[in-house]
Amino acid sequence: MNIRRLPGFMYHYKFALVLLLSGLFLVVYLLLHWGIMCTNLEAWRHVSTVCSQHRDGSAMGILCEPLCAEKGIHSLACETLHAGKEAVFSAHWEATPLVFKASRTKTLTEQFESLYWVDPTGFRHFPSEENFIVMIKDLVITKLNMTVSQRELERLARLRTYRVETDEARRLLEMENLWPLLQENEYLMTILHEDKDVFPQLIGTCGTFYAVEYVRPIETPTTVLALSDSKPEWAKRLKLAVMIFNLLEELQTNFPEPLHLCDVKINHFGLPLGGQKLKFLDLDAVFPKPIADRIVANGKSCEKHEDCDYFDCRSTCSRNKRCESPVLNNNLQIVCEKIFLGWTLSGTIIIPGLLMSEHTTSTLAVLLRQCANPDGDTTHLPRAAASDSLKIRLHNMLKEMEKEYSVFV
């Protein structure tokens, strides 16, 4: 092809055009890679892969048949913003909405402890039932700092509740399917805390995919026009803020150890369809306090405080340039900073948060600033916990305001 035949503009600026197209291609690739953008073709590709594994006998679970054979699971749609996951897509099991998830494939350096060992003849040696239980017990202690009951261990050791595989070959296959799932923080948390009703409920699995109930994420209300909300809209914001407060209190008091939320965004909170109980959706970033402390106080070298942070769980860099202190802030501080107050720059609110509106009283604004930055640090990101006394004052104020504005809902 003679490129001189191209339109004059394209010919004379061919190098700039190549750079532009290359840049666009890179941007689209990164958006897809980071999960900011997706296509439904990805969801069908993942289903095709797991169903192929099911047909060749390497994938099992209660969702395999409806997903692959019965076609009872339909209306697949990709879901964006799933960093750390290979796949996240929604679907319907008959009339029930659900969300499928699967972790990214581990690299050789990230591989978890192998379930079995292979002898020189190629024969795979699996653990006994007793050893498998011990492996699960050790895994839960390492990942969640929890000592679990025998009943919970037996639940984790099976794909189906109260179902015992008696066929040896199928039991070994069940172990193979289970072991990668058990490495997932979200899978473990969902099963071990299924009675708490603060996380989406597990519905079932197929191979290394697991499905949870669909919970509609809270949409981001922070817009340039948010400061001129109507009273009904402000009433809804107040109600949501109180629900978030109540959820934080449950995470603090209703578990063996207080749970830290290390990645807080408004769309990580959600409501089940027709439900009134708020749930937290990003379980990959929820850790018991000892585990969160271990993640940030890891002893690695650092140059600045931010080097010791794990998302929103913040630590400090010591004088000897090591990450040694535990998590210093808490869930309420993060929520006040990132959700209630909004995005700030040099102490000035650039994008208003959930509780910043023309209806925000000066007293509420002061409390929110104190909550978001307890030590008033203007040099670093806030690295202190919101106090219990401030929590009580803020909660009481929000409940009173919610009651006052409830007539507008």
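In the predicted model, Cys313 has a relative accessibility of 1% and therefore counts as buried, the cut-off for this class being under 20%. Its disulfide partner is Cys262, with the two sulfur atoms 1.9 Å apart. Cys262 likewise has a relative accessibility of 1%, so this residue too is classed as buried. The torsion about the S-S bond of Cys262 and Cys313 is about -85°, which means that the disulfide is left-handed. Cys262 is located in the loop between strand E9 (259–261) and strand E10 (269–272), whereas Cys313 belongs to the loop between helix H10 (289–296) and helix H11 (331–341); the bond therefore ties together parts that are 51 residues apart in sequence.

The loop between H10 and H11 also holds both Cys308 and Cys323, which are 15 residues apart. These two cysteines form a disulfide with a separation of 2.0 Å between their sulfur atoms. A torsion of about -85° about the S-S bond of Cys308 and Cys323 makes this disulfide left-handed. Cys308 is buried because its relative accessibility is 2%, and Cys323 is buried because the corresponding value is 0%.

In total, six disulfides are counted in the model. Among them is the pair Cys51 and Cys68, for which the S to S distance is 2.1 Å. This bond links distant parts of the chain, with Cys51 in helix H3 (residues 40–55) and Cys68 in helix H4 (residues 64–69), 17 residues apart. The S-S torsion of Cys51 and Cys68 is about -85°, so the disulfide is left-handed. Both Cys51 and Cys68 are buried.

Strand E10, which follows the loop that contains Cys262, is part of an open sheet of three strands with the order E8-E10-E11 and antiparallel pairing. Strand E8 (215–217) and strand E11 (279–280) stand at the edges of the sheet; each has a single partner strand, so one side of each is left without a neighbour in the sheet. The antiparallel pairing of E8 and E10 extends over three bridges. Within this pairing, Val215 has Pro272 of E10 as its bridge partner, and Arg216 has Leu271 of E10. E10 and E11 are also paired in the antiparallel sense, here over two bridges, and the bridge partner of Gly270 in E11 is Lys279.

E10 and E11 form a hairpin with six residues between them. In the turn of this hairpin, Gly274 has a positive phi of about 80°. Both faces of E10 are covered. Phe269 and Leu271 on one side of the strand are buried, as are Gly270 and Pro272 on the other. Leu271 and Pro272 thus recur in the sheet as the bridge partners of Arg216 and Val215, respectively.

The model contains two cavities of 30 Å³ or more. The second largest cavity encloses about 40 Å³ of space. Its lining is made up of Leu144, Asn145, Met146, His193, Pro256, Glu257, Leu259 and Pro288. Of these lining residues, five are nonpolar, two are polar and one is charged. Leu259, one of the lining residues, falls within strand E9 (259–261).

Technical notes: Residues numbered from 1 in each chain as written. Predicted model: local features only at pLDDT ≥ 70, side-chain atom pairs only at ≥ 80, totals over all residues. Heavy atoms only, no water. 1 Å grid on protein atoms, 1.4 Å probe; cavity = no way out; pocket = protein on both sides within 12 Å on 5 of 7 lines; lining within 4 Å. Points joined across faces, edges and corners; volume = space filled by probe spheres on them. Nonpolar A, V, L, I, M, F, W, Y, C, P; charged D, E, K, R; others polar. Disulfide = S-S within 2.5 Å. Helix = DSSP H or I, 4+ residues; strand = E, 2+ residues; numbered from the N terminus. Buried < 20%, exposed > 50% of the residue type's maximum accessible area, 1.4 Å probe, protein only. Pairing = 2+ DSSP bridges.
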